[in-house]
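Work through the following exercises with the sequence and the model open beside you. Each task is followed by a solution that proceeds step by step.

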Amino acid sequence: MADPEKYYDHKALNLYFKDTKDCSIDSVWVKSHPKSTATAPLDYVHQVQLDLIALGYLEDQADNKDGYYGRATDWAVKRFQRRAATLIRKNNDTKKMELIKDSDMYTGPEDGILTTACAKEIRKWINRKWVAPLGVYTIEKLSTSGKLRSDAATAWEEIIKLVNAAGGTLSGPYGDTLRPLGKTSKKGTSAYSFHYCGRAVDLQQALANPKGRRYYIQKDSSGSDMYWKLYCVTDKQDGTQGTLYKKSTLTYYDPGDEKERKLPKDTYLINLTDLIQSTSKFVRIHAQNKWDTDPDKQTRSNKLEWWHFQYNVDIQKTFFDELELIGITKKQLMDAGWNTLTQLDHNPG
Ligand SMILES: [Zn+2]
């Protein structure tokens, strides 16, 4: 007798979740719920669930392999479809990252529906020993201060060299780099910050203080958003580094008293913002809303973001997708306070 047909051999597979009354259920579910009627062939939902567990898209627990294509299975399939549409894979034998060819990428929709094409993609992952890319990036210490995701750390070290060679500085201690999991109550910070993902650096704010100043911050608005342009005073002021800015030719913003001032004396400066962004790997962000009008001074100050630069390469669609890449599981993230699927699915940043 031939083996019973598997879900991935089915010619027109269509397993889905629309709502709790309209979703695919199979024989496994019906066995424990005799009043219900199967809408999916054989034990197909159960089979799909077992494969999603093996691939790391569902947690290995009873209600994730019960033959009921519910919200969790739908969410796992969406996540699988999203990952399959990228170039990053994790090889389950080597536990290392594998970059696939463009032509190997899944091109189906991200809709949570298990079609024949999606089933074949699941088979492909199993055959090639690909699993969800949990922890494909390590966390690395920076030479200056703090930690970043490995590829972001490499890119930042390159930028440090560029800045040092031009006579500038990106010295620590940084205000923040990789932020440990745990929702912060600090006003003016995002619950989905790139800091949790190990892909953001907050420069040393003290370098913009009047005493020992190395940074001048300048307003650089774009549309309704306020950005900042940073200038760095060069190590040498003898004309061998930077560009000479004559006294009073540059207006800067002083975050201490929130006033604008003129450059106090002739100074050699480099445009730090341009230099950081010249690699296209790290970018600045705009100040948060009400950076100038929030009634609380500390909150206003937290919202400036002049110090914040983030890694701009291969940004994932969801906060959880980002954290998975650095080894955080769904359970860890939920235990740390991001406890709804909507929160896990929030855009990072
Ligand atoms: Zn930041």
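**Exercise 1.** What arrangement do the 4 donor atoms around the zinc ion make, judged by the angles they subtend?

Solution. Before starting, note that this is a predicted model, in which local features need pLDDT of at least 70 and side-chain atom pairs count only at pLDDT 80 or more, whereas totals for chains, interfaces and linings use all residues. Residues are numbered from 1 along each chain as its sequence is written, and side-chain values use heavy atoms, with hydrogens and water left out.

Step 1: list the donors, that is, N, O and S atoms within 2.8 Å of the metal (3.2 Å for Na, K and Ca), remembering that water is not among the atoms and that sites may therefore look incomplete. The protein donors of the zinc ion are H195 (NE2), D202 (OD), D202 (OD) and H308 (ND1), and they lie 2.0 to 2.8 Å from the ion. In sequence these donor residues follow the spacing H-x6-D-x105-H.

Step 2: compare the angles with the criteria. Four donors count as tetrahedral if all angles lie between 85 and 135 degrees, and four count as square planar and six as octahedral if opposite donors are over 155 degrees apart and all others between 65 and 115; anything else is irregular. Around the zinc ion the 4 donor atoms subtend angles of 51 to 154°, so the arrangement is irregular.

Step 3: check accessibility, where buried means under 20% relative accessible area, exposed over 50% and partly exposed in between (1.4 Å probe, protein chains only). H195 is buried at 1%, and D202 is also buried, with a relative accessibility of 8%.

**Exercise 2.** Why does the second largest pocket lie between domain 1 and domain 2?

Solution. Step 1: fix the terms. On a 1 Å grid over the protein atoms alone, a cavity is a set of points where a 1.4 Å probe fits but cannot get out, while a pocket is an open set with protein on both sides within 12 Å along at least five of seven lines; lining residues have an atom within 4 Å of a point.

Step 2: locate the pocket, which has a volume of about 280 Å³. Of its 19 lining residues, the closest to its centre are G56, Y57, R79, E324 and T329.

Step 3: assign the lining. The helices α3 (71-84) and α8 (319-325) each supply at least two residues, and α3 gives the largest share, 4 residues. Domain 1 (13-131) and domain 2 (139-344) both contribute to this lining, so the second largest pocket lies between them.

**Exercise 3.** Which residues line the largest cavity?

Solution. Step 1: the largest cavity holds about 40 Å³ of space, and its lining consists of R83, T86, L87, I88, P133, D314, Q316 and L325.

Step 2: trace these residues to the domains, each of which, domain 1 (13-131) and domain 2 (139-344), provides at least three residues of the lining.

**Exercise 4.** Where is E305 found, and is E305 buried or exposed?

Solution. Step 1: E305 is found in the loop between α7 (297-302) and β18 (308-311), and with a relative accessible area of 11% E305 is buried.

Step 2: inspect the backbone, bearing in mind that most residues other than glycine have a negative phi, and most peptide bonds are trans. Phi of E305 is positive, near 65°.

Step 3: E305 is also one of the residues that line the second largest cavity, which contains about 30 Å³ of space.

Key
Grid points are joined across faces, edges and corners, and a volume is the space filled by probe spheres set on the points. Domain bounds come from an automatic or database domain assignment.
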